[in-house]
Amino acid sequence: MALKPVGFAGNLFLAVAPQKILDPEIALSNGCCGPRPPNGALTIWKDGFMTETMPAARPARPYFSSGPCAKRPGWSPENLNAAPLGRSHRSKIGKARLKDAIDRTRALLGVPDEYRIGIVPASDTGAVEMAMWTMLGERPVDMFAWESFGAGWITDAVKQLGLDARLHEAAYGEISDLGAANPAHDVVFTWNGTTSGVRVPNADWISDDREGVVICDATSAVFAQPLDWQKLDVITYSWQKVLGGEAAHGMLILSPRAVKRLESYTPPRPLPKLFRLTKGGKLIEDIFEGATINTPSMLCVEDYLDTLKWAAKLGGLSALHQRADENAAALAVWVKKTPWLDFLCADAALRSNTSVCLKITDPEIGALDEKAQRAFVKAMEKHLEAQEAAYDIGGYRDAPPGLRIWCGATVEREDIETLCPWLDWAFHTAKSSI
Ligand SMILES: Cc1ncc(COP(=O)(O)O)c(C=O)c1O
């Protein structure tokens with residue numbers, strides 16, 4: 001009988017002889033076994049040939065989604081027991097919780113005193129759109145986009161708002177010509193492109209003497225990468241990313257220049273109540289004291305507070321940055337020695353330390369058409385999920401086919417390190433089925 005060598009160095013074994021066919025998905029679906037516990041190493045036999053050996057240990061927390069991201073280590077629903085559930089968010093206790101979330105955000109992130117911080121509806125999308133709808137149109141806008149979310153903001157600017165927009169776009173893996181920012185224009189950009197793993201290296205390209213407002217979607221950067229507050233006028237994010245909070249609530253941080261725009265410019269469009277930040281030409285200051293526009297989930301607020309307290313205990317912002325950096329570095333060590341994939345972003349200076357995007361460089365997979373490549377990645381995902389070794393590691397649907405591994409602060413480095421051999425295993429297992 002012919003043997004099928006896997007032909008891959010690392011933790012794999014070459015084939016020796018067929019013994020039995022065991023499909024891990026069948027083992028799961030028949031309800032008899034469930035995933036094997038860590039250290040339950042097992043050789044997979046398929047079509048009579050050994051194709052791969054499972055790594056001995058699984059990541060303790062196989063959560064690598066780029067949003068909602070892994071809960072913080074040690075998280076438990078019991079941490080939320082003190083949530084004022086069943087109470088009005090406008091009660092004394094409700095308001096105090098919301099104000100506490102704002103104050104702790106300021107302290108942890110080092111948001112300048114003169115910047116307002118508000119909790120708004122509809123997650124990061126809500127916060128970005130609120131800023132675009134209320135502020136843009138006063139002057140031309142430079143739109144920078146190098147992946148799917150930035151492209152979405154371009155759609156809003158051009159198709160929905162009909163703005164005088166200058167588009168500065170780049171392909172996945174690359175970055176726009178940031179030097180094209182005109183200080184007389186407004187600017188919209190995404191600090192960390194979640195779907196390509198490309199981030200801006202800094203904000204030096206934004207003028208200190210600008211006349212326009214700079215709107216920055218920072219949802220997958222904040223708490224993991226240093227933001228240059230003085231260069232930014234609107235900063236948005238949601239709780240579900242780097243701190244592993246719950247989705248649906250957005251954060252809107254405004255510089256004095258952004259407030260001036262809101263108070264001096266009336267956009268030529270109707271604004272739904274959810275977007276209204278001014279009344280009688282004045283900023284509604286209460287929003288930035290915790291009197292939210294509509295009803296927030298006090299359970300989500302409690303969860304956000306829990307993550308903020310965890311982060312402060314850990315050592316604050318620098319500790320969060322360090323965790324993301326170390327996670328991304330651990331993954332990079334493996335990428336460097338792995339022949340079948342590489343970073344989507346070739347320039348290490350632009351590479352994300354949160355949403356790390358990887359492309360498959362194996363020539364046989366590269367020769368497949370895009371649909372087949374996507375199916376291949378799906379197969380890898382399926383194998384990993386069936387073994388409870390990793391969840392949600394497929395690239396974004398609009399990005400080139402590939403993997404995306406979240407490395408933000410709530411992920412443990414050990415889990416990244418333990419994940420890597422599983423990715424090898426999933427690749428070779430999926431490839432053996434082609
Ligand atoms: C850069 C970026 N912007 C916007 C969003 C949308 O975020 P949300 O679903 O929290 O509104 C995401 C989500 O992944 C993102 O990564």
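Colleague: If Ala, Val, Leu, Ile, Met, Phe, Trp, Tyr, Cys and Pro count as nonpolar, Asp, Glu, Lys and Arg as charged, and the others, Gly among them, as polar, how do the residues of the shell around the ligand divide?
Modeller: Bearing in mind that this is a predicted model, the shell around the ligand divides into nine polar residues, two nonpolar ones and two charged ones.

Colleague: And which residues come nearest to the ligand?
Modeller: Out of the 13 residues around the ligand, the ones that come nearest are Ser123, Thr125, Phe149, Thr194 and Ser238. Helix α3, which covers residues 123-135, gives the largest share of the shell, with three residues.

Colleague: Before we go on, what is the mean pLDDT of the protein chain?
Modeller: The mean pLDDT is 90, and 88% of the residues in the protein chain reach 70 or more. Residues 1-51 need care, as their pLDDT is below 50, although in the model this stretch has 75 contacts beyond near neighbours in sequence. Where pLDDT is low, the predicted coordinates should not be read in detail.

Colleague: Okay, the overall picture then: how many helices and strands are there?
Modeller: The protein chain has ten helices and 16 strands, and of its 434 residues, 45% are buried. Among contacts with a separation of 6 or more, 72% are between residues 24 or more positions apart.

Colleague: What is the order of the strands in the sheet of seven?
Modeller: That open sheet runs β3-β11-β10-β9-β6-β4-β5, and its pairing is mixed. At its edges stand β3 (116-121) and β5 (165-169), each of which pairs on one side only. Ignoring direction, neighbouring strands of this sheet are turned by 15° against each other on average.

Colleague: Where does α3 pack, and which strands does α3 touch?
Modeller: Helix α3 packs on this sheet, where it touches β3, β6, β9, β10 and β11 (249-254), and the direction of α3 makes about 40° with that of β11. This is also the helix that gives the largest share of the ligand's shell.

Colleague: Let's zoom in on β6: are its residues buried or exposed?
Modeller: Strand β6, residues 186-190, is mostly covered, with five of its five residues buried. Asp186, Val188 and Thr190 lie on one side and Val187 and Phe189 on the other, and as these are all buried, both faces of the strand are covered.

Colleague: How many bridges join β6 to β4, and how many join β6 to β9?
Modeller: Strand β4 (residues 141-145) runs parallel to β6 and is joined to it by three bridges, with Val141 of β4 standing opposite Asp186 in β6. Strand β9 (residues 214-217) also runs parallel to β6, joined by four bridges, and here Thr190 stands opposite Asp217 in β9.

Colleague: Following Asp217 onward, what is its bridge partner in β10?
Modeller: The partner of Asp217 in β10 is Thr236. Strand β10 covers residues 234-238 and pairs with β9 in the parallel sense over three bridges.

Colleague: Switching topic, what is the order of the three strands in the other open sheet, the one with β15?
Modeller: Those three strands follow the order β14-β15-β16, with antiparallel pairing. Because β14 (341-343) and β16 (403-406) each have a single partner strand, they stand at the edges, and one side of each is left without a neighbour in the sheet. From one strand to the next, the twist averages 30°.

Colleague: And which residue stands opposite Leu341?
Modeller: Leu341 faces Ile360 in β15. Strand β15 (residues 355-360) and β14 run antiparallel and are joined by three bridges.

How values were computed
Residues numbered from 1 in each chain as written. Predicted model: local features only at pLDDT ≥ 70, side-chain atom pairs only at ≥ 80, totals over all residues. pLDDT = per-residue confidence, 0-100. Contact = placed C-beta atoms within 7 Å. Helix = DSSP H or I, 4+ residues; strand = E, 2+ residues; numbered from the N terminus. Buried ≥ 20, exposed ≤ 12 C-beta atoms within 10 Å, placed from the backbone. Pairing = 2+ DSSP bridges. Axes fitted to C-alpha atoms, helices over the stretch in contact; angles between N-to-C directions. Near = placed C-beta within 6 Å. Nonpolar A, V, L, I, M, F, W, Y, C, P; charged D, E, K, R; others polar.
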